[in-house]
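Fresh page in the notebook today. I wanted to look up aromatic pairs and pockets, and I jotted things down as I went.

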Amino acid sequence: IMKKIPKSLNNIPIVDAIIEVRFTAEVDANAAFGLIYSKIQNLFPGTIQSLPVSQMPMALVENDVNLKFRPHFRIDGENCALQIGPHMISIVSTIPYIGWEKMYSTFSDIIDESISLLGKINRLGLRYVNFFDGDVSDKVNIEFNIADNDCKDYLIQAELEKSGLSCRLQYTANATYNRPNGENATGTVLDIDTSKVFTDSCTKEDVLEVLEKAHIEEK
């Protein structure tokens, strides 16, 4: 029997929510943004912001795995920000979190309009960063100690494989979060990044099916 998962929480801990697709474009990397954005500008008609990596030489970006999948441009929308790079598209929820239905619907519209330009899709990722005030370690199913001594300050990272998906979890009980009002808070961060690497070609329907599955597993 599947556990009953709540649709939403009264106190939403989500401070970052991102859906990202990575691809090997069939167009020149320098031209990717213009071609992709021309397809979806009606969904995000806001001001285009150039991000720092866009000023770097493309040859350097293409050969550095830490830069290759970074966004080059950002457009803020009503509920989400759209980010585009030569090999990636992502949407980032505004905070407070807009909810899964809006996130999914927005991403679906973007993929519907742009998939013909994306070439081979390599990876789909769904990431949620949650922040809780204070140390909540006594409220979660986790225990960590060294030589019979409890640890008071630690970062745990784990990689899980489940249902054909990879899930990377990071947990720290002593993190600092800068709230939107500028206030700094100290507490616990639970960062969950669920992804699927595609080895074969896939359709829009394949991508959205994996996205739904990733959302269930992430919860």
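My entries on the rings come before those on the pocket.

**Aromatic rings**

I kept in mind throughout that this is a predicted model. I began with a count and found five aromatic pairs in the structure. I picked out F131 and Y177, whose ring centres are 5.1 Å apart. Their planes make an angle of 40°, and I logged the pair as tilted because that label covers angles from 30 to 60 degrees.

Next I asked myself where the two partners sit. I found F131 in strand β6, residues 120-133, and Y177 in strand β10, residues 165-178. The pair therefore ties together parts that are 46 residues apart in sequence. Are F131 and Y177 buried or exposed? I checked, and both F131 and Y177 are buried.

I also noted an aromatic cluster made up of F33, Y37 and F73.

**The largest pocket**

How much space lies in the largest pocket? I wrote down about 1000 Å³. I counted 35 residues in its lining, and those closest to the centre are L9, N130, I192, E218 and K219.

Then I looked up which elements give two or more residues to this lining. My list reads α4 (100-114), β6, β9 (155-162), β10, β11 (184-197) and α5 (204-218). The largest share belongs to β9, with four residues. I was pleased to meet β6 and β10 again here, since I already had them down as the strands of F131 and Y177.

Last, I sorted the lining of the largest pocket by class: 22 residues are nonpolar, nine are polar and four are charged.

Conventions:
Residues numbered from 1 in each chain as written. Predicted model: local features only at pLDDT ≥ 70, side-chain atom pairs only at ≥ 80, totals over all residues. Heavy atoms only, no water. Phe/Tyr/Trp six-rings, centres within 6.5 Å; stacked < 30°, edge-to-face > 60°. Buried < 20%, exposed > 50% of the residue type's maximum accessible area, 1.4 Å probe, protein only. 1 Å grid on protein atoms, 1.4 Å probe; cavity = no way out; pocket = protein on both sides within 12 Å on 5 of 7 lines; lining within 4 Å. Points joined across faces, edges and corners; volume = space filled by probe spheres on them. Nonpolar A, V, L, I, M, F, W, Y, C, P; charged D, E, K, R; others polar.
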